[in-house]
Amino acid sequence: MIKQPVIFLASLFFISSFTQCNNSQPKPGNSVVPDSNTVQNMYAPVDKSPMDMSYYPVDFPLQKMNGTAAEMPIARIIYSRPHKNGRVIFGTDDKSLCQYGLPWRLGANEATEITIFKNVNISGTNVNKGTYVLYCVPHADHWTLIFNRNLYTWGLHMDSTQDVLKTDVPVMAQQPVQEEFSVVFKDMPYGADLIMAWDNVKAAMPMEFSK
């Protein structure tokens, strides 16, 4: 009478163990997605300041993929997104990551690049289509944004003789604090604003163009 329950439980354990092991093996044609919390990337470490891209129109990538994009976008910006990580971002002392009055590449890693696919007007100046380095000189009440032709410099040594446009935009306070630096286009009646936000401030650069 005792042997039957023991045999039944042992059989159940064997079936359960076999099922779990079988489920742990990938089926032909299927890929296993590792848990990013426990498995490190075996090919390259993940960058602390990942590269990102923004378009105007904002939904241009979706339009392109589903075949509804009628023409090229107006603009695209490629930048890397540093994190605040408890640091002082803007200020006057040496502890500030972006010191007032000093050039900043408007992001991390390689210099931020903006591509204009259609001529636009910024602060009364016509900017021809093309690709430019976009960098910034931050101040407490405004940012000076500069379009520069000198590509592939990583924004380390800016050549002012290659500047195409220099424009000041006001700085606005924002809450809550923005942990990751972000750059996006916002639709406006006259065209679009390029919104740049980090920490407790943001700035907007108007871009005028026909729609």
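In the predicted model, residues 24 or more positions apart account for 55% of the contacts with a separation of 6 or more in the protein chain. The protein chain comprises 211 residues, of which 34% count as buried. Its exposed surface amounts to about 13,700 Å², and carbon and sulfur atoms supply 57% of this area.

Two helices and eleven strands were assigned to the protein chain. Read from the N terminus, the elements follow the order α-β-α-β-β-β-β-β-β-β-β-β-β. Among the strand pairings, S9 and S10 associate in the antiparallel sense through seven bridges; within this pairing, Leu-145 has Thr-167 of S10 as its bridge partner. Strands S10 and S11 likewise run antiparallel and are joined by eleven bridges. Val-184 is matched there with Ile-195 of S11. A hairpin is formed by S10 and S11, with two residues between the strands.

The largest nonpolar core contains 36 residues, and Trp-143 and Met-196 are those with the most contacts inside it. Two or more residues are contributed to this core by each of strands S2 (75-80), S5 (113-116), S6 (120-122), S8 (130-138), S9 (142-148), S10 (163-188) and S11 (191-208). Strand S11 provides the largest share, namely eight residues. Another core, of five residues, lies apart from the 36-residue core; Ala-111, Tyr-135, Val-137 and Ile-146 are among its members.

A search of the whole structure identified twelve aromatic pairs. In one of them, the ring centres of Phe-181 and Trp-198 are 5.8 Å apart and the ring planes meet at 55°; the pair is therefore classed as tilted, since edge-to-face geometry would require an angle over 60 degrees. Phe-181 belongs to strand S10 and Trp-198 to strand S11, so that the pair links distant parts of the chain, 17 residues apart. Both Phe-181 and Trp-198 are buried. These two residues also take part in one aromatic cluster, which is formed together with Tyr-79, Phe-90, Trp-104 and Trp-143. Trp-143 thus appears both in this cluster and among the residues with the most contacts inside the largest nonpolar core.

The strands S10 and S11 recur throughout this description: they form the hairpin, both give two or more residues to the largest core, and they carry Phe-181 and Trp-198, respectively.

Technical notes
Residues numbered from 1 in each chain as written. Predicted model: local features only at pLDDT ≥ 70, side-chain atom pairs only at ≥ 80, totals over all residues. Heavy atoms only, no water. Core = buried A, V, L, I, M, F, W, Y, C linked by side-chain atoms within 4.5 Å. Buried < 20%, exposed > 50% of the residue type's maximum accessible area, 1.4 Å probe, protein only. Helix = DSSP H or I, 4+ residues; strand = E, 2+ residues; numbered from the N terminus. Phe/Tyr/Trp six-rings, centres within 6.5 Å; stacked < 30°, edge-to-face > 60°. Pairing = 2+ DSSP bridges. Contact = heavy atoms within 4.5 Å. Areas by Shrake-Rupley, 256 points an atom, 1.4 Å probe, with all protein chains shown as cover.
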